[in-house]
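Colleague: I am new to this one. Could you show me how to read its cysteines?

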Amino acid sequence: MGFHDLVLLFFSAWIVFSISSCNAQLQSSQIEVLLQLKKHLEYPKQLEIWKDRWTDLCSVSSTLVDVSCKDNFVTELIILGDKQTKVRDFDGFAIPNQTLSQSFSMDSFVATLARLTNLRVLSLVSLGIWGPLPDSIHRLFALEHLDLSSNYLYGSIPPKISTMAKLKTLRLGDNFFNETIPNLFNSSSNLRVLSLKNNRLKGPFPHSILSITALVDIDISSNQISGSLQDFTGLSSLEQLDLSKNKLDSSLPSMPKALKRLFVSRNSFSGEIPKHYGQLINLQQLDVSFNALTGTAPAELFALPNITYLNLASNVFSGSLQNHQKCSSQLRFVDISYNRLVGGLPYCMSNKSENRVIKCDGNCLSGNELQLHQHAVSYCTEAHMIKKSYRPGIFVGVIVGILMIIVVLALCIVVVWKRYCLGGMQEQHLLNKTVQDSYSGAFSPDLVTNARYVFETAKLGREDLPMCRTYSLEELKEATNDFDNSTFMGENLYGKLYRGKLESGIQVVIRCLPLSKKYSIRNFKLRLDLLAKLRHPHLVSLLGHCIDGVIGEHNDTKVYLVYESVSNGSFQTYLSGNSSGKIFNWSERLSVLISIAKAVHFLHTGMIPGFFKNRLKTNNILLNEYWMAKLSDYGLSIISEETDACGVNGESHNSWQMKKLEDDVYSFGFILLEALAGPSGSDKREAAVLNAMASFNSQHQDSWKEIVDPVVQATCSRESLFIVISITNKCISPESWSRPSIEDVLWNLQYASQVQATTADGDQRT
């Protein structure tokens, strides 16, 4: 072999090595996601090893951070922080030095995570992550192990976690989840470990858990779960169950034979320990302390072949322990203290054994070594006899007491009924009827008076604005110079608009609506109360109202709604070029769209049930002095008579903005379309827009460029643009069943924004 051949062989080997090295590296998009996560987590010390995009993130690791990769994709991400939960109560706001800052967005964080499409293991522990866990977490469809424990997550556990078919481990312990546990899973689930310990979860134990036959470990301790438990024997693989420190009050349920550890202390279980517990041959640890269990302590428990820990303390066990009772050679700890036990201790439980801890204080046991910490025998026997002797008397007393309470409550109900209900029955009937008429798909008959508001969304209210109150007509006249023509702003479906300035100096917009006879004063005020409670950073806030006239008696009765003033005009203005030189680029448009999607999501979910018919149009999207987008004209159909009337000033049912107004997602689709293409100028323009939408489905063609606004084309990344194009197509689908939820729309917009942000201010243009 000559020199030339050796050089050629060396060069070939070098090429092969270089290619294999390149293949081992992460895709650039995956690196960008990891660096974006570092930014979301506010650059913790643990991630200082992720220096820049040229660092091999798959090879750098520490005891607190580990990234595993396969085929150029991240498959495992483990980050252990130092911000453990140190507060007993968490009110949903950022806490300095304990949580991430107020600017942290859980929605954006999860949207970024979801771009790691091959992720199988995700563990983010003690990082100060806070906020409600969004349903979009289910987009991590390949995930097998999820651990978000020891953070500041609150609200409900998202039901869509149940769609994560590959999930085997779910750990959400040591957070602040404060709703009921949803029926998350079914028998086809692969879940093996479920840990929800140390939260604020309430309501009954979810019986759907009993259908997950693969479960090995369940830990829902230290919550507020109440009610009864059903048979657990169907969980044939279950080895550990921890339900301690809850409010369960049934008898102890049956358990599977594979069970090794059972902890149900500090509840209100009653009755006797089931006999079959003495046949759980795999049982190693049993703690039923601090309950109200009765009967005798089953001798079989002490002799189970694998039992090492047995705690029966602080119950009402009575009777004596058998002298010849056997104890397992594995048994190391026994606590039978503070019961009603009499007699002596069996030999196997005497203190002669140095390898076994026995606690038996607070009983009536006999024996020289026990006298100092025991009651007299009469204490246990008398307590037991008194319980038996006076049981009939107690029973009769309880029955008599209940009957007296029922009589008193009945009298109170009659008085209240006569005073309030009879007088208001007709008004309530009118309220139910009119609500059903205008919100048949959204509201039940008694929703207005019984509406429930979600805890988390209520925290998003505007604290910088005054509470909603009643204004006098004189105050409003003074604010508008007696409704002078110079203060008139225009008119639409929901009345005339005037600008004004309150005595306090607050700039406001006042809407004047005529009302018909169909509303009573009580009926209408209930509706106003609903609108007044809708506070969100991206909603134009209602500050108060004024009723001029007697509702229901005159046709000329008017109501004035006082809103905060939003000074920088409408979103439509900054799309059409009618503003003073400013036209929004793609990133700015995405920011507005995300803000309004959040507002619509709040309207749909912030009250149960939600507000729908919200007149979603670009000229109803206003911008304040900080360029924050706010939605106006929302929810007004609940107080307006003409919910389906044709508009004024050129608005009609033929306008593409007004079609299917009852479907907010459909209407939002046209807002997206206008952000992509610019506002439509005529019906001819509308037809061209709708016809061109077909070209959006063919990304390899350039025909879509004919419709997309040149400003968008010049300032967007191609990938970000097509994410929005895709969700726009889904929103304006003619079939309502195929349209996405507003949450899906929001997720896609946040994803598009993340993609746009990672292209270095739009280097990858269309």
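Modeller: We will go through the disulfides, then the free cysteines. Keep in mind that this is a predicted model.

Colleague: How many disulfides does the structure hold?

Modeller: A disulfide is a covalent bond between the sulfur atoms of two cysteines. This structure has three. Counted along the chain, the bonded cysteines pair as 1-2, 3-4, 5-6.

Colleague: Which parts does the disulfide of Cys 58 and Cys 69 tie together?

Modeller: Cys 58 sits in the loop between helix H2 and strand E1, and Cys 69 in strand E1 itself, so the link ties parts eleven residues apart in sequence. The S to S distance is 1.8 Å. The S-S torsion is about -90°, so this disulfide is left-handed.

Colleague: Is Cys 58 buried or partly exposed?

Modeller: Buried means under 20% relative accessible area. Cys 58 has 22%, so it counts as partly exposed. Cys 69, at 28%, is partly exposed too.

Colleague: What is the handedness of the link between Cys 364 and Cys 380?

Modeller: That link is right-handed, with 90° about the S-S bond. Cys 364 lies in strand E24 and Cys 380 in helix H5, 16 residues apart. Cys 364 is buried at 1% relative accessibility, and Cys 380 is buried at 3%.

Colleague: Why does Cys 512 have no bond to Cys 546?

Modeller: A disulfide needs sulfur atoms within 2.5 Å. The sulfur of Cys 546 is the closest cysteine sulfur to that of Cys 512, but it is 9.5 Å away, too far for a bond. Cys 512 is buried at 10%, and Cys 546 is buried at 3%.

Key
Residues numbered from 1 in each chain as written. Predicted model: local features only at pLDDT ≥ 70, side-chain atom pairs only at ≥ 80, totals over all residues. Heavy atoms only, no water. Helix = DSSP H or I, 4+ residues; strand = E, 2+ residues; numbered from the N terminus. Buried < 20%, exposed > 50% of the residue type's maximum accessible area, 1.4 Å probe, protein only.
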